[in-house]
Amino acid sequence: MLTTQETEYLCRVGPGTPMGNLMRRYWHPILLSKELPEPDGAPLRARLLGEDLVAFRDSNGDVGLLDNYCPHRRASLFFGRNEEAGLRCVYHGWKFDTTGSCVDMPSEPAESNFKDKVKVKAYPAKEAGGLIWTYMGPPEHEPPLPLLEYNTLPLDHVSVSKLRYESNYVQVVEGDIDTVHASLLHSRLDCLDTAPTAATLAGRYQFPDRAPKFFVEDTDGGILIGARRRAEEDSYYWRISRWLFPYFTMIPREPHGHVQGGAMVPIDDENCWFVHIRWNPYRPLLEEERFESHFDKYIMDDGSWLAIANRRNDYMIDREKQKNETYTGIEFVRAQDSAMTDSMGTIADRSKEHLATTDMAIIRMRRSLIRAARALEDGVEPHQPHNPESYKVRSGGCVLPRDVYFTQDSEVWDDITVK
Ligand code: FES
Ligand SMILES: [Fe+2]
């Protein structure tokens, strides 16, 4: 449980808020690289941490992220002309490059040097892992990109997709590290019958034991979560997940398999991106393993990036299916998740919740964020941004003898650590 004040402190990330200031010490994946496919293509609106921006790829292929509002008379640069290495406001033709410098001002006398005095707010952009990243904090604190494994692999090892949730980023993070719900929310009614012959550890052991015991460890990057279930007489099945500052997650996986991660990027206090990243550390992903083909067919193609099953249509819940086939009657896994997190209200009222033993990781994540934001208020910079190697980790999954703790097995440790 959190008080109303603590919830506000944790969830609000606009300019000048304590959590917003903490967020502004980290790099954020603001767009998929493929959303700006070509130089001089159409600019895009991009909102992040409550700030309205316009993104464009200039003639050199570089990405610019500018304040939405032209510094002349505040018209939106979204309507701008993307030409000759800059974005030109179509109201009076003022043109800005990716650094925000005004490079042309055709509406002023040729001898005027006013253009040298005008800048539009611009944030730096970098590309890695098929994502466009930006940093919105003080320039003197700009860190390197986090060494998340997908940021360091060839692009054919990585697939990225995204979806918009209509709720605050914290409750979506909470959903991703609350791995117990997978045995219920995402289950089929026949999962107990199919478990004995399932091909994966998750399929075999996740459903028969729906009350895992949680173990949470602090790490350099965030927290490491082990959820322990009964496997055979003498063994446990461990589902190992991660939360990394400020909102990166990695959900449990099969041993030595590909990895899936999330980034719950706050658009503003009431909306967030769920950026989904799947990667294989060892080899290129096969076409059928790339997540886009599975994921994108459930997403609206109107630019909203909402799931087709969304709040407006009650996530297309099918009560017949709920009775006979699946736990929810909702088809798409991420729509199942967003039905839960969006329905809490845009910022869930934590003063009325009753946290249980499976919510340990949620409690630790909230505390870690609040503690870091308070420390920053006291002038203590967060650890991770300038220690990018603290992100060199993976999630995991394994069956171990009952007397072995999940961090003690060297093979498991190797599998959840990036060399
Ligand atoms: S408002 Fe943009 S150039 Fe005048
Ligand atoms: Fe889920």
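**Exercises on contacts in a predicted model**

Glu-8 has a relative accessible area of 35% and is partly exposed. The model used in these exercises is predicted.

**Exercise 1. The partner of Glu-8**

Find the arginine that forms a salt bridge with Glu-8, and place both residues on the scale from buried to exposed.

Solution.
Step 1. The arginine is Arg-12, whose closest nitrogen is 2.8 Å from an oxygen of Glu-8. The cut-off for a salt bridge is 4 Å, so the pair qualifies.
Step 2. Arg-12 has a relative accessibility of 27% and is partly exposed. Glu-8, at 35%, is partly exposed as well.
Step 3. The contact belongs to a network of salt bridges that also includes Asp-269 and Glu-270. Across the whole structure, the search returns 29 salt bridges.

**Exercise 2. Two further salt bridges**

Describe the pairs Glu-83 with Arg-81 and Arg-230 with Asp-209, giving the burial of each residue.

Solution.
Step 1. Glu-83 and Arg-81 form a salt bridge with an N to O distance of 2.9 Å. Buried means under 20% relative accessible area, so Glu-83 at 18% falls in that class. Arg-81, with 48%, is partly exposed.
Step 2. Arg-230 and Asp-209 also meet in a salt bridge, here at 3.7 Å from N to O. Arg-230 lies in strand β14 (residues 222-230) and Asp-209 in the loop between α6 (201-205) and β13 (213-218), so the contact ties together parts that are 21 residues apart in sequence.
Step 3. Asp-209 is buried at 8%, whereas Arg-230 is partly exposed at 48%.

**Exercise 3. The iron site**

Which residues coordinate the iron ion (ligand 2), and is its geometry regular or irregular?

Solution.
Step 1. The donors are NE2 of His-181, NE2 of His-186 and two OD atoms of Asp-337, at 2.0 to 2.6 Å.
Step 2. The angles among the four donor atoms run from 53 to 146°. A tetrahedral site needs all angles between 85 and 135 degrees, so that label does not apply. The site of the iron ion (ligand 2) is irregular.
Step 3. The spacing of the donor residues in sequence is H-x4-H-x150-D. His-181 sits in the loop between α4 (169-177) and α5 (191-194) and Asp-337 in helix α9 (residues 333-342), so these two tie together parts that are 156 residues apart in sequence.
Step 4. His-181 is buried, with a relative accessible area of 17%. Asp-337 is buried too, at 8%.

**Exercise 4. The surroundings of strand β4**

Which strands are joined to β4, and how many bridges join each of them?

Solution.
Step 1. Strand β3 (residues 51-57) runs antiparallel to β4 and is joined to it by five bridges. The two form a hairpin with five residues between them, and Gly-61 in the turn has a positive phi of about 90°.
Step 2. Strand β9 (residues 122-123) is antiparallel to β4 as well, joined by two bridges.
Step 3. Leu-65 in β4 shows both pairings: Ala-55 stands opposite it, and Leu-65 also stands opposite Tyr-123 in β9.
Step 4. Five of the five residues of β4 (residues 63-67) are buried, so the strand is largely enclosed by the rest of the structure.

**Exercise 5. Aromatic rings**

Classify the ring pairs Trp-94 with Phe-114 and Tyr-247 with Phe-248 by the angle between their planes.

Solution.
Step 1. The structure has 18 aromatic pairs. In one of them, Trp-94 and Phe-114 have centres 6.0 Å apart and planes at 85°, which is edge-to-face. Trp-94 lies in the loop between β6 (87-88) and β7 (95-96) and Phe-114 in the loop between β8 (102-104) and β9, so the pair ties together parts that are 20 residues apart in sequence.
Step 2. Trp-94 is buried at 3%, while Phe-114 is partly exposed at 38%.
Step 3. For Tyr-247 and Phe-248 the centres are 4.9 Å apart and the planes at 50°, so this pair is tilted. Tyr-247 is buried at 0%, and Phe-248 is buried at 2%.
Step 4. Ring pairs join Tyr-247 and Phe-248 with Trp-133 and Tyr-391 in a cluster.

**Exercise 6. Charges over rings**

What lies over the face of Phe-78, and what over the face of Trp-273?

Solution.
Step 1. Arg-45 lies over the face of Phe-78, at 3.7 Å from the ring centre.
Step 2. Over the face of Trp-273 lies Lys-162, at 3.6 Å from the ring centre.

Methods:
Residues numbered from 1 in each chain as written. Chains lettered and ligands numbered in written order. Predicted model: local features only at pLDDT ≥ 70, side-chain atom pairs only at ≥ 80, totals over all residues. Heavy atoms only, no water. Salt bridge = Lys/Arg side-chain N within 4 Å of Asp/Glu carboxyl O. Buried < 20%, exposed > 50% of the residue type's maximum accessible area, 1.4 Å probe, protein only. Helix = DSSP H or I, 4+ residues; strand = E, 2+ residues; numbered from the N terminus. Donors = N, O, S within 2.8 Å, 3.2 Å for Na, K, Ca; no water. Tetrahedral: all angles 85-135°; square planar, octahedral: opposite > 155°, others 65-115°. Pairing = 2+ DSSP bridges. Phe/Tyr/Trp six-rings, centres within 6.5 Å; stacked < 30°, edge-to-face > 60°. Lys NZ or Arg CZ within 6 Å of the ring centre and 35° of its normal.
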